[in-house]
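Student: I have a model open on my screen and would like to learn how to read its salt bridges and its empty spaces. Could you take me through them?

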Amino acid sequence: MRRVGFVINFEKNNWLGGYNYFFNLFHFFKNFENKKITPIILTDDYRKVEEFKNSFNFEIIKSDLFSNSNSFIRILNKILIFFFGKNYILENFFKKNNIEILSHSGFLGRNSSIKSYPWFPDFQEIYLPENFSLKSLILRKINVFLASIHSTQIIISSLQVQKDLKKLSKKGYDKSIIIKHCAYLPEKNRLLNFQSLKKKYNLSDAFFFLPNHYWKHKNHILVLEALKIIRDKINFQIVSSGNLNDHRNKSYFLRIKEFIKVNNLSEIYNILGIIPFDDVISLNYHSLGLINPSKSEGWSNTVEQAKAMNQKVFLSDTPVHREQKSHNFYYFDKNDPKDLANLLLANNQKDLDLDYDKSYEKIKDEQNKFINSYQNFIIQN
């Protein structure tokens, strides 16, 4: 067994997409029969990995070396790698704990004996630089530059994101490998039935589901503008879940609420905030379809979950969303609310008979293929 380290040093609600990605990965490992890898969870705070501890029997190691909030540690790590090609402190830590590989969690240096495979979900800064401070743009550029030199290989989640990496670093592009997400679905007995959901979340009889954080690039305003256009013609709600706080734009959600109030949309736009994972899947399953209006996106977990269930999906017409395409996918211009409005009006009937049991069995096969492919990549490099 090869011991592979994964760093979980962030709060779940601050990056649910990343948290769910790791949770899915560990879940697949837990149920994979032909294991040749042992995941080791590395953290700076046991509270951040409590759910992992309760769900998996993987070893968890706590160390301040993995602090995400200590800028001195993060800067020191970069300096040591830049000048010496490795961080001697981290090198000794990994050797002491018999960890051979660091996956999805940064880079350890071109001279390190520990292989490292950082993961870049997307490069949003290429398309929406206005959403970042000058400091953030510089730091992101430096991180890509250093990863291109000081990683073993770079994990990318889609073909389009790999192309974006080429714009930032030819060397990084040459080192990259695409490993796409695989969806995780819970067993059907964990899903809430529609009446339970309706009572719990004050739902209408028909709704579309929008499970995106309230971050500016997620483009909720387009959905609200579409609702404003068709509000007198509809018999459905938009039900929205996700983090209500954009750490880069503190006033964004306040603007959303003001738009809803001014345009009297509160009856047809239902904001739930962060909700349990099983409820997310349940809402996805019982909805008229899933909406993702994002202006820039990586390989979306919720889109893959809807695809796995054979659900309708309504997506902004971006390269990554096109790459995720399936037969029940519909695309709209991310800057044109009329385009989305027309799609919703034309597809406001639940005409799909979703066979969850069949989807669940199919996705288990895909999960095994995914984890086998990832494991082979790790042990053969």
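**Salt bridges and spaces**

Tutor: Happily! The count of salt bridges comes to 18, where a salt bridge is a side-chain nitrogen of Lys or Arg within 4 Å of a carboxyl oxygen of Asp or Glu. This is a predicted model, in which local features need pLDDT of at least 70 and side-chain atom pairs count only at pLDDT 80 or more, while totals for chains, interfaces and linings use all residues. Residues are numbered from 1 along each chain as its sequence is written, and side-chain values use heavy atoms, with hydrogens and water left out.

Student: Which residue meets Lys-218 in a salt bridge?

Tutor: Glu-297 does, at 3.0 Å from N to O. Lys-218 lies in the loop between strand E9 (207-210) and helix H10 (220-230), and Glu-297 in the loop between strand E12 (290-292) and H13, so the pair ties together parts that are 79 residues apart in sequence. Helices (H or I, at least four residues) and strands (E, at least two) are DSSP runs, numbered from the N terminus.

Student: Is Lys-218 buried or exposed?

Tutor: Buried means under 20% relative accessible area, exposed over 50%, and partly exposed in between, using a 1.4 Å probe and protein chains only. Lys-218 is buried at 9%, and Glu-297 is buried at 13%.

Student: With which residue does Asp-174 form a salt bridge?

Tutor: Its partner is Lys-170, the closest N and O atoms being 3.0 Å apart. The two are four residues apart in helix H8 (residues 170-175), which means about one helical turn separates them. Lys-170 is partly exposed, with a relative accessible area of 47%.

Student: Now the spaces. How many cavities of 30 Å³ or more are there?

Tutor: A cavity is a set of points on a 1 Å grid over the protein atoms alone where a 1.4 Å probe fits but cannot get out; a pocket is an open set with protein on both sides within 12 Å along at least five of seven lines, and lining residues have an atom within 4 Å of a point. Here the count is one cavity of 30 Å³ or more. The largest cavity holds about 50 Å³, a volume being the space filled by probe spheres set on the points, which are joined across faces, edges and corners.

Student: Which helix gives the largest share of that cavity's lining?

Tutor: Helix H1 (residues 16-30), with four residues. The lining residues of the largest cavity include Tyr-21, Phe-28 and His-181.

Student: And what is the volume of the second largest pocket?

Tutor: About 380 Å³. Its largest lining share, six residues, comes from H16.
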